[in-house]
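Hi everyone, thanks for coming. I'll take a few minutes to walk through a model I've been looking at, so please have it open on your screens.

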There are 4 protein chains.
Amino acid sequence: MFQLDVRSRKPIYEQLVDKIKELIINRILKPDEQLPSVRMLSSQLTINPNTIQRAYRELENQGYIYSIKGKGNFVSAIEHMPSNEQLNDLKKDIRKLIAEAIYLGLTKEDLYVLFDEAHHQTKGVKKHNDSGKFHK
Amino acid sequence: MFQLDVRSRKPIYEQLVDKIKELIINRILKPDEQLPSVRMLSSQLTINPNTIQRAYRELENQGYIYSIKGKGNFVSAIEHMPSNEQLNDLKKDIRKLIAEAIYLGLTKEDLYVLFDEAHHQTKGVKKHNDSGKFHK
Amino acid sequence: MFQLDVRSRKPIYEQLVDKIKELIINRILKPDEQLPSVRMLSSQLTINPNTIQRAYRELENQGYIYSIKGKGNFVSAIEHMPSNEQLNDLKKDIRKLIAEAIYLGLTKEDLYVLFDEAHHQTKGVKKHNDSGKFHK
Amino acid sequence: MFQLDVRSRKPIYEQLVDKIKELIINRILKPDEQLPSVRMLSSQLTINPNTIQRAYRELENQGYIYSIKGKGNFVSAIEHMPSNEQLNDLKKDIRKLIAEAIYLGLTKEDLYVLFDEAHHQTKGVKKHNDSGKFHK
DNA sequence: GTGGTCTAGACCACC
DNA sequence: GTGGTCTAGACCACG
């Protein structure tokens, strides 16, 4: 269910946060739906409960979930669209990538090839999303 | 010109690597040009020499600069055949970027739009020389 | 078991890298086995933690170990398809060796003899486990 | 004449020592022949005279040349065969190389291929040498 | 003067 | 507890 890479440089709690955010954004987890309990996730993923806790706390801070003492953690109802800040960061990353590719001597076409290739490898792409929101 | 954020999550040496890489990629630092000495940069940025050293070492590992003991650090001449390693790094970056974009809910088409946009902005950043490069 | 020569021309961290590499290559350290913590090795060898860290980082860069923050450093599982980078390193080593041999006045035939000899000695160094690995 | 690589990790004076040793071992420089003066070499190679001096001093220490004040530096008459120590070092290097190759999953045949390849690339092999000295 | 290595000791993030 | 980063200051090798 959850693909966590313990060897990654990215901390586990952060990977967890990202995965859950993704599930929420793509409506796989619906508003007010209950998240698995800390203990359950902990034993399922064989990961320290503290780490799960930390991920949930982080998600709560960012407004993606809310917790009710004694009941559990639940998905928030609010819309989560990428903030302008996030979009800008992404654009900056893209520019950096392109500059680097050009520096290495790649043409635009080379880049498109690599790009397509990478896109295909990135499986698990969701679809039931109202896409096209971000076309200029 | 060198905006370093000591409180950032990103380590200082990594920020340095990125900044200098950018200068090299955009040809503001030309091939075989000498970089400021470790000690000089260290005192100018009021950052420990070891940290500068580490950044320079990293840049050398990545092939952007070369160092001559007793003389200094110099910008590598670009070979226009990117090494496999460099290509792999680039691919990894691309995959990361795409994952990030998908995570934000963007479609492939959205990405292509951003991509084209960035590509147009990048062209022509090359030639104009610039001084005052290493002031804080 | 760890003979380090602090007065050698070869830096300590490099000696460490070589020793540990040897243990890994000869399967004395098995895949996914945990290496001694930075601090432990540091105190056992009475060598600064930074120096140990650097050796571990180098080993990670070369793909021999991987590290998990908060948990430790671990031996990489070998993939039986050597990366291009690794192959290149090997080739470089071979060239260096040959240059050295020629410089000593050996002919190609001399080298082949030494080579065969060494190859026979190497086979079968594999299996026997060994403890007390990290004592000074 | 002298191929020196300023970018190499190996210090220039050491490269010089090695080159000259090679010339002496292979009888291109004959016993009691005069070496080029420090100044001449210095200007020819555009290298600091101190560096040349250091190389000559090193060669003198190792017994390959002798110097006469006011006259110059001359090739020593004594035979220079690889010492047992040097041969042992070489053997150790060979064993290390082979162990590494095996670890990477290469077969003996793969290694021979790489080996031949590297040997061909190593040009400048001398021939008028009484070879075969080191056959077992 | 330059880069390279090392020590001592500190503080952080993660599990 | 673990690894990762950083500072302060020292000493060496090189040109």
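I'll start with one of the DNA strands and then move to a protein interface. Keep in mind that this is a predicted model.

Okay, DNA strand E. What surrounds it? We get 30 residues around this strand, and the closest are A:Arg54, C:Ile12, C:Asn48, C:Asn50 and C:Arg54. By class, that surface splits into nine nonpolar, 12 polar and nine charged residues. Several elements each bring at least two residues to it, among them helix 1 and helix 3 of chain A, and strand 1 and strand 2 of chain B.

Now, which part of the strand does the protein meet? Of the strand E atoms within 4 Å of the protein, 66% are sugar or phosphate, and the rest belong to bases. Chain B has examples of each kind. A phosphate oxygen of strand E is 2.9 Å from a polar backbone atom of B:Val38, and a phosphate oxygen is also 2.9 Å from a side-chain N or O atom of B:Gln53. For the bases, look at B:Gly70: one of its polar backbone atoms is 3.2 Å from a base nitrogen.

Next, chains C and D. Here 43 residues of chain C contact 43 residues of chain D. They bury about 4600 Å² between them, with carbon and sulfur atoms giving 71% of that. On the chain C side, C:Tyr103, C:Leu104 and C:Phe115 supply 16% of the buried area, more than any other three residues.

There's charge here too: six salt bridges link the two chains. One of these pairs C:Asp18 with D:Lys96, with the closest N and O atoms 3.7 Å apart.

Definitions and conventions
Residues numbered from 1 in each chain as written. Chains lettered and ligands numbered in written order. Predicted model: local features only at pLDDT ≥ 70, side-chain atom pairs only at ≥ 80, totals over all residues. Heavy atoms only, no water. Near = heavy atom within 4 Å. Polar contact = N/O pair within 3.5 Å; in protein donor to acceptor, adjacent residues only side chain to side chain. Helix = DSSP H or I, 4+ residues; strand = E, 2+ residues; numbered from the N terminus. Nonpolar A, V, L, I, M, F, W, Y, C, P; charged D, E, K, R; others polar. Contact = heavy atoms within 4.5 Å. Buried area = accessible area lost by both parts, 1.4 Å probe. Salt bridge = Lys/Arg side-chain N within 4 Å of Asp/Glu carboxyl O.
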